[in-house]
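Colleague: I have the sequence and the coordinates open. Could you walk me through the helices and the loops?

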Amino acid sequence: MELHKKEPVYIQICRYMKQRILMNEIKDHEELPSRRELATQLSINPNTVQKAYKMLEEEGIIRTISNVKSVIVVNDEIINQIRNEFVESDIKEFIQNCKNSGMNFQQVIALLTKYWED
């Protein structure tokens, strides 16, 4: 995982874990490193990792057992939730890029149709 300064680190951690879930690199009930371990690995503050884990817990993606260890929760609902989040973000960016380049709706649909069929 390579961190950058464009967005908060805790958001980058969340995105990274979600991508690994979608790529099937993290499995259901897989144990995550402790907050302190991950902070040490990434050379960041443990509070940043805590913020990322809390966010993932609120989204139902991880579960912390007895404040000791955290595990991934993967099911069809979670996978669909993550997939939709990424696709929606990509679509919004794509549409904005098309608008910025002066394309109209029909041109965008024609472009999508061309590449969808390839």
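Colleague: Is Gln19 buried, exposed or partly exposed?

Modeller: Keep in mind that this is a predicted model. Gln19 sits in helix 1. Its relative accessible area is 35%. Buried needs under 20% and exposed needs over 50%, so Gln19 is partly exposed.

Colleague: What distance separates the C-alpha atoms of Gln19 and Phe86?

Modeller: Along the chain, Gln19 and Phe86 are 67 residues apart. Phe86 belongs to helix 4 and is buried there. In space, the C-alpha atoms of Gln19 and Phe86 are separated by 8.8 Å.

Colleague: Which residues does Arg15 touch, leaving out those up to four places away in sequence?

Modeller: Arg15 is in helix 1, which covers residues 9-22. Its C-alpha atom and that of Phe86 are separated by 9.1 Å, with the two positions 71 residues apart along the chain. With sequence neighbours up to four places away set aside, Arg15 touches Glu7 and Phe86.

Colleague: Is Arg15 buried, exposed or partly exposed?

Modeller: The relative accessibility of Arg15 is 32%. That value falls between the 20% and 50% cut-offs. Therefore Arg15 counts as partly exposed.

Colleague: At what angle do helix 1 and helix 4 pack?

Modeller: Two packed helices are described by the angle between their axes and the distance between the axes. For helix 1 and helix 4, the axes are 10 Å apart. The crossing is left-handed. The angle is about 115 degrees.

Colleague: How do the residues of the contact of helix 1 with helix 4 divide into nonpolar, polar and charged?

Modeller: Helix 1 brings Arg15, Lys18, Gln19, Ile21 and Leu22. Helix 4 meets them with Ile79, Ile82, Arg83, Glu85 and Phe86. The division is five nonpolar, one polar and four charged.

Colleague: How far apart are the end C-alpha atoms of helix 4, against the expected span?

Modeller: Helix 4 has 25 residues. At 1.5 Å a residue, the expected span is 36 Å. The end C-alpha atoms agree with that, at 36 Å apart.

Colleague: Which helices do the buried residues of helix 4 pack against?

Modeller: In helix 4, the buried residues are Ile78, Ile82, Phe86 and Cys98. The buried residues of this helix have two partners, one of them helix 5, residues 105-117. The full answer is helix 1 and helix 5.

Colleague: Which residue caps the N-terminal end of helix 4?

Modeller: Look at the backbone nitrogen of Glu77. A side-chain oxygen lies 3.0 Å from it. After the helix comes Gly102, with a positive phi near 90 degrees. The N-terminal cap is Asn75.

Colleague: Which side chain makes a polar contact of 3.2 Å with that of Arg35?

Modeller: Arg35 is in helix 2, residues 35-42. Its relative accessible area is 18%, under the 20% cut-off, so Arg35 is buried. Arg35 touches Val49, Gln50, Tyr53, Glu57, Thr64 and Ser70, leaving out residues up to four places away in sequence. The polar contact of 3.2 Å is with the side chain of Thr64.

Colleague: What is the phi of Asn24?

Modeller: Asn24 is in the loop between helix 1 and helix 2. Asn24 is partly exposed, at 48% relative accessible area. Asn24 is not a glycine, yet its phi is positive, about 65 degrees.

Colleague: Is His29 buried or exposed?

Modeller: His29 is found in the loop between helix 1 and helix 2. Its phi is positive too, about 65 degrees, although His29 is not a glycine. The relative accessibility is 51%, over the 50% cut-off, so His29 counts as exposed.

Key
Residues numbered from 1 in each chain as written. Predicted model: local features only at pLDDT ≥ 70, side-chain atom pairs only at ≥ 80, totals over all residues. Heavy atoms only, no water. Helix = DSSP H or I, 4+ residues; strand = E, 2+ residues; numbered from the N terminus. Buried < 20%, exposed > 50% of the residue type's maximum accessible area, 1.4 Å probe, protein only. Contact = heavy atoms within 4.5 Å. Axes fitted to C-alpha atoms, helices over the stretch in contact; angles between N-to-C directions. Left-handed = near helix turned anticlockwise from the far one by under 90°. Nonpolar A, V, L, I, M, F, W, Y, C, P; charged D, E, K, R; others polar. Polar contact = N/O pair within 3.5 Å; in protein donor to acceptor, adjacent residues only side chain to side chain. Expected span 1.5 Å × (residues − 1).
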